[in-house]
Amino acid sequence: MGEEEAVAEENGGLKVESGEQKSSWPTMRFDVSPYRTHHFSKQFRTARNPNNFLKGLKWSPDGSCFLASSEDNTLSLFHLPQDGGDSNGYGVPVPEEDSYGASLLVNEGESVYDFCWYPYMSVSDPLTCVFATSTRDHPIHLWDSTSGELRCTYRAYDAMDEITAAFSVGFNPDGTKIFAGYNSSIRVFDLHRPGRDFRQYSTLQKNKEGQAGILSTLAFSPTNSGMLAVGSYGQTTGIYREDNMELLYVLHGQEGGVTHVQFSKDGNYLYTGGRKDPYILCWDIRKSVEIVYKLYRATENTNQRVFFDIEPCGRHLGTGGQDGLVHMYDLQTGNWVSGYQAASDTVNAFSFHPYLPMAATSSGHRRFAIPDDDDGEDKNELQLKGTLH
């Protein structure tokens with residue numbers, strides 16, 4: 001499901017701090033329940049693929065749309081209505097039909113490992129309306145988000161001169177390079193030079209120190225400090241210099257493979273989450289010795305990547321879990337603030353809008369059922385079941 005959750009009070013309005021000298025800014029309230037403005041489900045499940053489900057979503061940098069990835073190897077683009085929400089301001093119940101259809105569908109043909117928006121994307125400038133994807137057995141693709149056409153590709157090759165796929169992908173803050181995570185290595189592509197030209201940096205040193213394993217997630221510091229965080233399935237997070245990929249230090253403590261990393265808005269803290277690990281860990285990267293605090297979420301029994309997000313003001317973090325709940329935490333204290341039931345299925349992604357008091361969630365997961373003996377079917381044959389909410 002892709003749902004936009006607008007946080008509002010009883011009158012459906014937004015609490016705005018106003019002043020003669022200051023420009024007004026919507027302030028999100030977490031002591032009241034959010035209301036649902038839009039709902040998307042049926043269009044992801046067709047007769048051709050009834051077991052499809054969503055695996056994640058990300059807002060565009062300009063907030064005009066969001067991109068959702070699904071199990072059928074498709075990325076769906078949804079534009080936000082001009083009013084930003086529902087017409088009456090009070091929210092709408094869950095409809096049987098979808099609120100509206102996707103504006104664009106991009107089929108990758110293989111499992112999508114990761115995707116990201118160009119950091120300066122703006123609908124007012126069509127040249128910037130692009131996003132990158134990394135897909136199994138494929139090079140990195142750069143897609144046009146207005147036409148759905150493939151702009152260009154960035155190809156990495158292994159020792160056998162065969163294309164190797166990136167497990168994570170991200171633009172640097174300047175938007176001039178694409179950083180991609182592979183097995184124990186980072187490859188850096190010049191955005192304006194597609195093809196097979198890249199710089200390769202090993203994250204595992206000759207003395208076996210450093211960061212080993214599949215590099216599954218990466219994030220840049222938002223303060224232009226030149227720092228890059230890289231998470232590995234080896235249960236470590238490495239902090240590097242962006243310009244030369246010098247390893248500054250390695251963080252240990254995640255119980256599972258690291259699947260998501262994100263810096264705080266001031267760049268002083270780093271938040272990491274892992275597979276089958278019920279805690280998001282907070283690190284002070286100025287000290288990088290001890291865990292500052294842990295934030296709980298229900299992810300002990302799911303192999304899915306569960307994405308969290310920090311709101312634009314940088315004060316709160318929201319995360320989903322396999323219980324369908326979304327939890328909000330105060331990042332200054334690490335205390336739980338509020339929670340609400342967003343879906344009856346695994347909420348695998350939660351993403352705040354870049355500047356509106358609104359967020360989007362995606363939910364769903366893969367289910368396997370073993371047929372009964374009475375069915376007369378092979379008991380080893382597994383039936384895939386999936387739902388969207």
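## Strands β22, β23 and β24

In strand β23, W283 is the bridge partner of L270. The model described here is a predicted one. The bridge between these two residues belongs to the pairing of β22 (residues 269–274) with β23, where 4 bridges join strands that run antiparallel. The hairpin made by β22 and β23 has 4 residues between the strands, and K276 in this hairpin takes a positive phi near 55°.

On to the next partner: β23 also pairs with strand β24 (residues 291–296), in the antiparallel sense and over 5 bridges. Here I280 stands opposite L295 of β24. The hairpin of β23 and β24 has 6 residues between the strands, and S288 is the residue in this hairpin that takes a positive phi near 55°. Strand β23 itself spans residues 279–284 and is mostly covered, with 5 of its 6 residues buried.

## The sheet β9 to β12

An open sheet is formed by 4 strands in the order β9-β10-β11-β12, with antiparallel pairing. Its edge strands are β9 (112–117) and β12 (150–154), each of which pairs on one side only. From one strand to the next, the twist averages 20°. Strands of a sheet pair through backbone hydrogen bonds, in a parallel or an antiparallel sense.

Between β9 and strand β10 (residues 130–135) there are 5 bridges, again in the antiparallel sense. One of the residues involved is V112, whose bridge partner in β10 is T135.

## Y154 in strand β12

Y154 is placed in strand β12. Is Y154 buried or exposed? Its relative accessible area is 0%, so Y154 counts as buried. Leaving aside neighbours within four places in sequence, the residues in contact with Y154 are P139, I140, L142, I178, F189, D190, L191, R193, P194 and G195.

One of these contacts can be described at the level of atoms: the side chain of Y154 reaches the backbone oxygen of L191 at 2.5 Å. Y154 and S134 are 20 residues apart in sequence, and their C-alpha atoms are 9.8 Å apart in space.

## The sheet β13 to β16

A further open sheet has 4 strands in the order β13-β14-β15-β16, and its pairing is antiparallel. Strands β13 (168–171) and β16 (199–202) stand at the edges; each has a single partner strand, so one side of each lacks a neighbour in the sheet. Direction ignored, neighbouring strands of this sheet are turned by 20° against each other on average.

Within this sheet, β14 (residues 177–181) and β15 (residues 185–190) run antiparallel and are joined by 5 bridges. G181 has I186 of β15 as its bridge partner.

## Aromatic rings and charges

How many aromatic pairs does a search of the whole structure find? The search finds 16. One aromatic pair is formed by F66 and F78, which are stacked, with 5.4 Å from centre to centre and 20° between the planes. This pair links distant parts of the chain: F66 belongs to strand β6 (residues 65–70) and F78 to strand β7 (residues 74–79), and the two are 12 residues apart. F66 and F78 are both buried. They also take part in one aromatic cluster, formed by F40, F44, W59, F66, F78 and Y100.

Two rings have a charged side chain over them. The charged end of K58 sits over the ring of F115, 4.9 Å from the ring centre. R196 lies over the face of Y157, at 3.9 Å from the centre of that ring.

## S221, a buried loop residue

The loop between β17 (215–220) and β18 (227–232) contains S221. With a relative accessible area of 3%, S221 is buried. Its side chain makes a polar contact of 3.0 Å with the side chain of T223. Not counting residues up to four places away in sequence, S221 touches P173, M227, F263 and G267.

## L317 in strand β26

L317 lies in strand β26 (residues 316–319). Its relative accessible area is 0%, so L317 is buried. Which residues does L317 touch, not counting those up to four places away in sequence? They are Y271, I280, L295, F308, D309, I310, H327, M328, Y329 and L331. Among them are I280 and L295, which stand opposite each other in the pairing of β23 and β24. The C-alpha atoms of L317 and F350 are separated by 9.6 Å, and these residues are 33 residues apart along the chain.

How values were computed:
Residues are numbered from 1 along each chain as its sequence is written. This is a predicted model: local features need pLDDT of at least 70, side-chain atom pairs count only at pLDDT 80 or more; totals for chains, interfaces and linings use all residues. Side-chain values use heavy atoms; hydrogens and water are left out. Two strands pair if DSSP finds at least two bridges between them. Axes are lines fitted to C-alpha atoms, for helices over the stretch in contact, and angles run from 0 to 180 degrees between N-to-C directions. Rings of Phe, Tyr and Trp (its six-membered ring) pair if their centres lie within 6.5 Å; planes under 30 degrees apart count as stacked, over 60 as edge-to-face and the rest as tilted. Buried means under 20% relative accessible area, exposed over 50%, partly exposed in between (1.4 Å probe, protein chains only). A charge sits over a ring if NZ of Lys or CZ of Arg is within 6 Å of the ring centre and within 35 degrees of the ring normal. Contact means heavy atoms within 4.5 Å. A polar contact is a pair of N or O atoms within 3.5 Å; within protein, one must be able to donate a hydrogen and the other to accept it, and residues adjacent in sequence count only if both atoms are side-chain atoms.
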